[in-house]
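Colleague: Could you take a close look at the salt bridges in this model, and explain them in a way that a first-year student can follow?

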Amino acid sequence: MAKAFFRLQKILRRTQFLLFFLTAAYLMAGSLLLLQRTRLVIQQGSRGTSANQALTVSDGMAGVGIIDPRMLPNPRHRPRLLVGMDALQEPASDQRHSPQWLVSRNSELRQLRRRWFHRFISDQEPMQTVGFKAMKHTTEHRGTYVGCFSDDSREKTLKGAVFYDLRKMTISHCQEACAERAYTYAGLAYGAECYCGNKLPATASKPEECNSECKGEKGSVCGGVNRLSVYRVEELRAGARQRRNVIYRGCFRAPENLTDTFPASLIQPNLTVEMCSEFCSKKEFPLAVIRGWECYCGYPTGRFSLHDGTDGLLCSGTHNASAAAEGKYCLVYQTPVQDTRCTDRKFLTTKSKVFVALSSFPGAGNTWARHLIEHATGYYTGSYYFDGALYNKGFKGEKDHWRSRRTICVKTHESGKTEIEMFDSAILLIRNPYKSLMAEFNRKYAGHLGYATDRNWKSKEWPDFVNSYASWWASHVLDWLKYGKRLLIIHYEDLKQSLIPKLKEMVEFLNMTVTEDRLLCVENNRDGNFKRSGAKQKDFEPFTQEMKDLINRYILTVDEALRRRNFTGLPREYVPR
């Protein structure tokens with residue numbers, strides 16, 4: 001009996017092992033099949049998907065971020081905006097959002113963006129000390145490596161200018177940028193951030209603590225977490241001097257007591273503009289003021305705001321003895337040095353109780369308004385989208401989730417009941433549709449800083465673009481007027497013409513208080529990094545008469561809607577004559 005039981009037990013053990021082996025083989029085969037199918041789906045998706053499929057995928061990415069609708073392909077069906085106040089009624093379900101062109105998603109863009117985001121997350125991990133010895137401080141650059149220093153956020157010394165490049169930061173790029181702006185030192189941190197200044201940080205750190213690899217230069221060190229790799233670039237300044245931009249600000253009446261108004265001064269026979277600018281740049285002041293042989297350095301302040309310029313002829317004799325003796329007028333120049341009184345920014349320490357939108361149609365100056373708000377308040381702005389180019393320019397709120405409430409307000413181009421009612425209040429930025437359409441078309445084909453080519457303007461894309469986007473310009477304003485809970489209307493043209501008064505309105509709406517000197521600093525840095533460069537076409541008219549008729553009808557509709565809500569109507573330059 002015992003013998004039979006032993007045999008049965010032996011058979012059962014073999015059966016258990018066989019079942020375990022078969023189960024493991026089945027799971028492995030299933031995993032391989034799943035991986036093969038996943039690869040096939042990705043390959044097919046890269047060739048293109050339907051609009052419905054694309055929307056399904058994008059919804060799944062809500063935790064990662066939302067793609068900017070301006071990045072999407074051309075429409076096939078364009079819902080028309082009704083001209084007249086009937087447009088304020090509840091829109092049909094298929095017309096609630098922007099044209100279909102703005103809703104369909106491109107699978108290649110989704111996958112590139114997802115890949116970029118995960119690469120960004122993985123790149124945040126600091127490099128291991130093990131690989132530190134393989135990295136070097138001297139590649140193809142000419143600056144002198146000084147050492148690794150602690151980056152104290154409370155007492156920054158390298159704060160003269162700040163640059164970010166999450167993808168292509170190199171030591172040479174940082175050094176050249178600082179040298180062109182007349183700084184002595186260039187410091188790199190986190191592998192992607194560049195800081196300039198004329199004073200070394202106070203606290204030195206261990207060399208191995210600077211262990212972040214430069215994003216655009218493998219094998220080179222670009223600082224670390226709260227650590228700066230500092231280089232002296234003084235030897236590069238002679239070559240960079242020719243590229244520096246000293247801007248003439250005008251002729252102004254000199255303040256009564258120049259020594260009290262300006263912190264630094266120099267008296268030099270045969271004083272030149274270059275000598276005064278170099279002296280003030282070394283002192284890290286943005287203004288160089290010349291009266292006779294006297295050079296003064298400082299900032300725009302309430303005592304010397306640069307708001308009341310005089311006839312330049314009154315300053316034509318500032319270099320002769322009689323004019324110097326009178327001392328009534330002075331010449332003012334902008335040095336390459338940045339005004340740093342308003343460049344410090346951070347996230348809100350506690351979550352904001354009021355969820356504020358900074359809403360605009362694309363091309364209406366939203367990025368510029370964010371630049372002004374951030375520098376005026378000292379807090380980052382967020383975004384409903386994710387734009388790596390903007391993050392590289394210093395908009396760190398781009399990578400923060402738009403619902404985090406750690407930012408002072410959130411950029412959005414969205415319209416529609418659901419998208420609007422989730423905000424407690426909004427600053428609605430409106431710009432002349434003719435200018436907005438051209439700005440957005442330039443951005444689409446040449447980025448934030450370039451201009452579209454003649455070929456782009458003459459292609460069939462431009463008429464399609466106008467037909468689709470002109471209706472969106474109007475419906476965007478109308479939807480926010482209808483569904484917005486608390487609105488502040490800001491016209492781009494008014495903000496440009498009366499910067500400080502309009503900026504004060506925006507800051508007060510955000511329940512913030514700022515000093516006059518900080519506002520003057522913002523005004524001194526008003527353009528930021530997003531002023532378009534390059535040759536602009538003169539007397540260029542891309543709009544046909546048919547396009548003008550269409551846009552003019554939308555202008556009248558929006559103007560009437562604003563007035564019915566007791567807002568000031570559109571500026572006169574909008575309204576067709």
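Modeller: What follows is a walk through the salt bridges, taken one pair at a time. The model is a predicted one, and a search of the whole structure finds 12 salt bridges. As a general background, side chains of opposite charge can pair when their charged atoms come close.

One of these salt bridges joins the side chains of Glu 193 and Lys 396, with 3.0 Å from N to O. This pair links distant parts of the chain, since Glu 193 belongs to strand E4 (residues 193–197) while Lys 396 sits in the loop between helix H10 (388–392) and strand E16 (410–412), 203 residues apart. Both Glu 193 and Lys 396 are buried.

Another salt bridge is formed by the side chains of Arg 518 and Asp 344, at 3.2 Å from N to O. Because Arg 518 lies in helix H17 (residues 516–524) and Asp 344 in the loop between strand E13 (329–334) and strand E14 (356–360), the pair ties together parts that are 174 residues apart in sequence. Arg 518 has a relative accessible area of 14% and is therefore buried, the cut-off being under 20%, whereas Asp 344, at 46% relative accessibility, counts as partly exposed.

Lys 502 and Glu 505 also form a salt bridge, and their closest N and O atoms are 3.3 Å apart. These two residues are 3 residues apart in helix H16 (residues 499–509), so about one helical turn separates Lys 502 from Glu 505. Glu 505 counts as partly exposed, because its relative accessibility is 32%.

Methods: Residues are numbered from 1 along each chain as its sequence is written. This is a predicted model: local features need pLDDT of at least 70, side-chain atom pairs count only at pLDDT 80 or more; totals for chains, interfaces and linings use all residues. Side-chain values use heavy atoms; hydrogens and water are left out. A salt bridge is a side-chain nitrogen of Lys or Arg within 4 Å of a carboxyl oxygen of Asp or Glu. Helices (H or I, at least four residues) and strands (E, at least two) are DSSP runs, numbered from the N terminus. Buried means under 20% relative accessible area, exposed over 50%, partly exposed in between (1.4 Å probe, protein chains only).
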